[in-house]
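User: Could you walk me through the aromatic contacts and the nonpolar cores here? I would like the reasoning along with each result.

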Amino acid sequence: MLDVKKFDQILAPLPGQTALLVCDDQKVLYASPLVSQEFKSASLIKLAVACYYQAHPVDLSQMVTIPDDKIVDGGMLCHLAQRDWQLRDVLDLMLSDSDNTATNFLIDFAGFDKMADWFEDKFTGLHLGRYLMEVTDRENYITAETAMQLFDRLLDDQSPFGQVCQKALHYQESVNKLLQYLPEGCSYSKTGELDDTEHDIARIFVGDHYYNVCFLSHYQGLKERKAIVQGQNAVGELLYYDLLAKEN
């Protein structure tokens with residue numbers, strides 16, 4: 001049985017602010033005090049962008065062109081020459097490669113204000129204030145509770161759209177946080193980072209058993225970042241080995 005007191009022991013010495021939410025397929029198993037607090041969303045906002053398209057279906061097979069002047073750092077599109085893509089591939093790049101250009105294109109394709117209004121209307125603690133890599137005093141925000149809602153929506157969707165998202169989340173490029181010491185192929189996940197932010201959300205599974213886990217953080221400096229990431233590593237290991245014990 002999962003010993004949730006161990007989460008308190010992992011979180012207690014960590015610097016800055018952290019939010020940890022752990023669920024199984026039936027209920028919340030652990031929620032730290034800040035799971036309803038807004039954090040800078042970093043790349044977890046990409047889950048919300050995907051959910052917008054889930055709720056507002058479009059033809060994912062249509063070809064789209066990404067303008068050269070819209071290319072930003074972060075992801076594959078900033079160094080690839082190809083500019084014409086199926087929309088499904090842009091969605092995939094946003095989730096699997098955390099591509100910022102792909103994200104900004106999908107925001108523009110739907111309409112920034114329209115998407116921002118939908119976020120505010122449908123979710124608590126979700127705010128679209130800027131494009132990815134935009135230099136501005138506006139910011140994007142999310143809570144651990146809302147991130148989990150978005151994640152569940154995508155993973156529980158059995159439609160062709162859901163299958164695209166699930167494949168992308170299964171092949172997430174960045175796995176150095178909750179998944180650092182776990183076997184390849186045992187998760188769906190989405191990560192995010194800024195200079196003062198390390199986030200990760202994952203569904204970790206062994207056989208028929210799984211846990212969903214969201215770990216948000218805000219900190220200052222490299223030393224604090226190291227401690228946060230080590231805490232995320234420990235949470236992921238704890239969950240995986242508990243699942244392994246259940247399966248065996």
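**Aromatic rings and nonpolar cores**

Analyst: Happy to! In this predicted model, Y52, Y53, W118, F119 and F123 form one aromatic cluster.

User: What is the geometry of the pair W118 and F123?

Analyst: Nine aromatic pairs are counted in total. In the one made by W118 and F123, the centres are 5.6 Å apart and the planes meet at 75 degrees. Planes over 60 degrees apart put a pair in one class, and for W118 and F123 that class is edge-to-face.

User: How many residues apart in sequence are the parts that Y188 and F205 tie together?

Analyst: The ring centres of Y188 and F205 lie 5.7 Å apart with planes at 45 degrees, so this pair is tilted. Y188 belongs to strand β7 (residues 187-194) and F205 to strand β8 (residues 197-206), so the parts tied together are separated in sequence by 17 residues.

User: Is Y188 buried or exposed, or partly exposed?

Analyst: Buried would require under 20% relative accessible area, and exposed over 50%. Y188 has 23% relative accessibility, so Y188 is partly exposed.

User: Which element gives the largest share of the largest nonpolar core?

Analyst: That core has 55 residues, and L47, L91, L95, M115 and F119 have the most contacts inside it. Elements giving two or more residues to this core include β1 (17-23), α2 (45-55) and α3 (87-96). The largest share is eight residues, and it comes from α2.

Note on methods. Residues numbered from 1 in each chain as written. Predicted model: local features only at pLDDT ≥ 70, side-chain atom pairs only at ≥ 80, totals over all residues. Heavy atoms only, no water. Phe/Tyr/Trp six-rings, centres within 6.5 Å; stacked < 30°, edge-to-face > 60°. Helix = DSSP H or I, 4+ residues; strand = E, 2+ residues; numbered from the N terminus. Buried < 20%, exposed > 50% of the residue type's maximum accessible area, 1.4 Å probe, protein only. Core = buried A, V, L, I, M, F, W, Y, C linked by side-chain atoms within 4.5 Å.
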